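Please examine the sequence and the structure shown below before reading on. The paragraphs that follow lead from annotated positions to the interior and then to the loops.

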Amino acid sequence: MNEADERWLAAAAALAERARPLSRPNPAVAAIVVRDGIVVGRGWTQTGGRPHAEAVALAQAGEQARSATIYVTLEPCAHRGERGPACADLIAASGVTRAIIGVKDPDLRTAGSGMARLREAGIDVELANHAASRASLAGYLTRARENRPFVTLKLALTGDGFIARPDGSSKWITSEAARAHAHRERARSDAILVGGGTLRVDAPRLDVRLPGLEDRSPGRLVLTRGAAPDGWRAVASPDAIRDLGAIQYLMIEGGAEVARAFLSAGLVDRIMLYRAPIEFGEGISPFPEGLPGGWRVIERRTLGPDTLEILEPAG
């Protein structure tokens, strides 16, 4: 894969963001068709999972797909579904001469068969094992390989490390800019989980309050061994997230105990820390002994007066 291939595949990974989370239960995939350095077709998985990204991109490209290169974040499917043909067959018939694939599909119905079918059609195929493509498919890959959703732990902290005052009150520690970013993250999630205490004390709505994205509000989960109220779903333990079906992206928003429970269970894939320049002096800390080891900051940005740190496992 040359430098130009890397750029186009990275562009496809960024384009795949448009499919998340509306493509559920299918993965959020994107494809770009390039001929003589010009994009002639592009697509991403549509709402509900069909049409697939490749079908959209090839339909847009039409005859210009001949002798072109297609960049796809995930290996094209090799099985025909009830709602359309296999993408590997569509590509094979399109006249495309090269295919750069970001990630091999772990789905056993494809799992290498899609690339094999393209090679049989005389297409030059390269599997890139591309980091940005993997990141764009984190929810799908985690569910396929570990039988659970990709989990993000989101916490808003004061400058002295508290998420709430001693009585549990903590409304709006962070600024409007940070809260808007958090709502964007909600819109990218399939579901949000809080603890029973957070539900009782705060009665959170857990909706998306960004203009135009209100319909992206995720499902609401509560960590409890009891019954969940109307509009909520009970999750009995951290490990029970393996029983959440098609959910690919889960955000944890509730309380210090919930944060520690999921971290202790090794079920957190990403941490988002929103740090506000205020201090409580005393209060409730999710990390009374400091953040557990094995995490590294991969991104830091300013959101109004606040700072966002994104952490991933160091291993």
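Which residues does UniProt list for "binding site"? The unreviewed entry gives Ser170, Arg186, Leu206, Arg209 and Glu253. The model in which these positions are examined here is a predicted one.

Arg186 serves as a starting point. This residue belongs to helix α7, which covers residues 176–187. Is Arg186 buried or exposed? Its relative accessible area is 9%, and because buried means under 20%, Arg186 counts as buried. Once neighbours within four places in sequence are left aside, Arg186 is in contact with Ile192, Leu206, Asp207, Val208, Arg209, Arg216, Pro218, Met251 and Glu253. Leu206, Arg209 and Glu253, which appear among these contacts, are also listed by UniProt for "binding site".

Attention now turns to the interior. In soluble globular proteins, nonpolar side chains tend to be buried together. The largest nonpolar core of this model has 29 residues, and the members that touch the most others are Leu193, Leu250 and Phe262. Two or more residues are contributed by each of β6 (150–157), β7 (191–195), β8 (219–223), β10 (249–252), α9 (256–264) and β11 (270–275). Helix α9 supplies the largest share, namely five residues. Apart from residues up to four places away in sequence, Leu193 touches Leu221, Leu223, Val235, Leu250, Met251, Ile252, Glu253, Gly254, Val258 and Phe262. Glu253, touched by Leu193, is also in contact with Arg186. There is, in addition, a second, separate core of 26 residues, with Val96, Ile101, Leu118 and Leu137 among them.

The loops hold several further features of the backbone. Where are the cis peptide bonds that precede Pro21 and Pro51? One joins Arg20 and Pro21, with omega at about 0 degrees; Pro21 is found in the loop between α1 (3–15) and β1 (30–35). The other runs from Arg50 to Pro51, with omega near -10 degrees, and Pro51 has its place in the loop between β2 (38–44) and α2 (53–61).

Two residues other than glycine have a positive phi: for Ser67 the value is near 70 degrees, and for Asn129 it is near 50 degrees. Ser67 is placed in the loop between α2 and β3 (69–74), while Asn129 lies in the loop between β5 (124–127) and α5 (131–136). Because exposed means over 50% relative accessible area, Ser67 counts as exposed at 54%, and Asn129 is exposed at 52%.

Technical notes: Residues numbered from 1 in each chain as written. Predicted model: local features only at pLDDT ≥ 70, side-chain atom pairs only at ≥ 80, totals over all residues. Heavy atoms only, no water. Helix = DSSP H or I, 4+ residues; strand = E, 2+ residues; numbered from the N terminus. Buried < 20%, exposed > 50% of the residue type's maximum accessible area, 1.4 Å probe, protein only. UniProt positions renumbered as here; feature names shortened; annotations may be inferred. Contact = heavy atoms within 4.5 Å. Core = buried A, V, L, I, M, F, W, Y, C linked by side-chain atoms within 4.5 Å.
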